[in-house]
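Biologist: I should like to take this structure term by term, with each name set against the rule behind it. Please begin once the sequence and the structure are in view.

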Amino acid sequence: MFFYNIIRYFFSNIKSMFIVFMNIFSKRETLLYPEKKVNIPPRYRGRIILTRDSNGEERCVSCGLCAVVCPVGCISLQKKEGKNGRWYPKFFRINFSRCIFCGLCEESCPTTAIQMTRDFEMSEYKRTDLVYEKKDLLISGPGKNHKYNFYEKSGKINIFKKNNKNIKRKIVDTKKILP
Ligand code: SF4
Ligand code: SF4
């Protein structure tokens with residue numbers, strides 16, 4: 001058994017050296033990150049943002065669906081009502097130290113306000129720095145779905161802006177569209 005093990009280990013080492021030798025000149029699979037940028041797939045689920053519609057208004061209507069659906073409970077927000085009757089988040093907070101980037105918040109959002117981006121460079125030294133407030137989340141543009149405007153389709157007061165004009169749309173009577 002002793003001699004058998006010696007022979008086995010010897011050939012195992014020879015085999016390993018042979019594999020290493022065969023790959024000395026092959027193309028390197030690893031990247032010298034961060035000098036070389038990583039090619040991230042378009043549907044990668046990275047840092048979360050809050051977006052605005054094409055009129056520059058906040059898309060989030062504080063419905064709370066994203067917070068309810070989040071499996072780790074890392075979203076918190078508080079609703080406030082504007083003078084025009086629209087709801088918006090007084091504060092909106094995501095604790096990225098708990099987020100598992102599952103994407104359920106994005107899928108559940110009826111206004112496409114909350115969206116995931118391809119940014120994964122979020123490392124921090126302090127865990128508390130991974131708690132993002134609304135000012136860190138809200139961007140000035142629409143992100144994905146450029147043209148989608150929730151208030152063109154529904155809303156408490158169905159007035160929306162188009163080409164800088166206020167357009168009033170008749171509110172749908174939901175009892176008349178029952179199947
Ligand atoms: S990606 Fe998932 S875990 Fe992260 S905030 Fe959204 S629902 Fe929660
Ligand atoms: S981000 Fe979307 S799902 Fe979350 S509260 Fe705002 S509108 Fe609702």
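Modeller: Let me start with a turn: in the hairpin of β2 and β3, 5 residues lie between the strands, and Gly85 takes a positive phi near 85 degrees. This is a predicted model, in which local features need pLDDT of at least 70 and side-chain atom pairs count only at pLDDT 80 or more, while totals for chains, interfaces and linings use all residues. Residues are numbered from 1 along each chain as its sequence is written, chains are lettered from A and ligands numbered from 1 in the order in which they are written, and side-chain values use heavy atoms, with hydrogens and water left out.

Biologist: What makes β2 and β3 a pair?

Modeller: Strands are DSSP runs of E with at least two residues, helices are runs of H or I with at least four, and both are numbered from the N terminus. Two strands pair if DSSP finds at least two bridges between them. Strand β2 (residues 75-81) and strand β3 (residues 87-95) share 7 bridges in the antiparallel sense, so the condition for a pair is met. Within this pair, Leu77 stands opposite Phe92 in β3.

Biologist: How do you know that β3 and β5 pair?

Modeller: Strand β5 (residues 131-132) is joined to β3 by 2 bridges, and the two run antiparallel; the rule asks for at least two, so they pair. The partners in β5 are Val131 for Asn95 and Tyr132 for Ile94.

Biologist: Why are β2 and β5 called edge strands?

Modeller: The open sheet has 3 strands in the order β2-β3-β5, with antiparallel pairing. Both β2 and β5 pair on one side only, and they are the edge strands. The chain as a whole has 4 helices and 7 strands, in the pattern α-β-α-β-β-α-β-β-α-β-β.

Biologist: What makes a space a cavity, and how many cavities are there of 30 Å³ or more?

Modeller: On a 1 Å grid over the protein atoms alone, a cavity is a set of points where a 1.4 Å probe fits but cannot get out, and its lining residues have an atom within 4 Å of a point. Points are joined across faces, edges and corners, and the volume is the space filled by probe spheres set on them. There are 2 cavities of 30 Å³ or more. The largest has a volume of about 80 Å³; it is lined by 14 residues, of which Cys70, Cys74, Cys99, Cys102 and Cys105 are closest to its centre. The second largest holds about 60 Å³, and its lining includes Cys60, Cys63, Cys66, Phe92 and Cys109.

Biologist: How do you know where ligand 1 sits?

Modeller: A molecule sits in a cavity if more than half of its atoms lie within 2 Å of the grid points. Ligand 1 sits in the largest cavity, and ligand 2 sits in the second largest. A residue is near a molecule if one of its heavy atoms lies within 4 Å. Of the 13 residues around ligand 1, the nearest are Cys70, Cys99, Cys102, Gly103 and Cys105. Ligand 2 is also surrounded by 13 residues, and the closest are Cys60, Cys63, Gly64, Cys66 and Cys109.

Biologist: By class, which residues make up the shell around ligand 1?

Modeller: Ala, Val, Leu, Ile, Met, Phe, Trp, Tyr, Cys and Pro count as nonpolar, Asp, Glu, Lys and Arg as charged, and the others, Gly among them, as polar. The shell of ligand 1 has 12 nonpolar, 1 polar and no charged residues, and that of ligand 2 has 10 nonpolar, 3 polar and no charged residues. Gly103, among the nearest to ligand 1, therefore counts as polar.

Biologist: Why is Thr112 called buried?

Modeller: Buried means under 20% relative accessible area, exposed over 50%, and partly exposed in between, with a 1.4 Å probe and protein chains only. Thr112 is at 17%, and therefore buried. Phe101 is at 22%, and so counts as partly exposed. Buried residues make up 26% of the 179 in the chain.

Biologist: What is the phi of Phe101?

Modeller: Phi of Phe101 is near 55 degrees, a positive value in a residue other than glycine. Thr112, in the loop between α3 and β4 (114-116), likewise has a positive phi of about 55 degrees. Most residues other than glycine have a negative phi, and most peptide bonds are trans. The bond from Tyr33 to Pro34 is cis, with omega near 5 degrees.

Notes: On a 1 Å grid over the protein atoms alone, a cavity is a set of points where a 1.4 Å probe fits but cannot get out, and a pocket is an open set with protein on both sides within 12 Å along at least five of seven lines; lining residues have an atom within 4 Å of a point.
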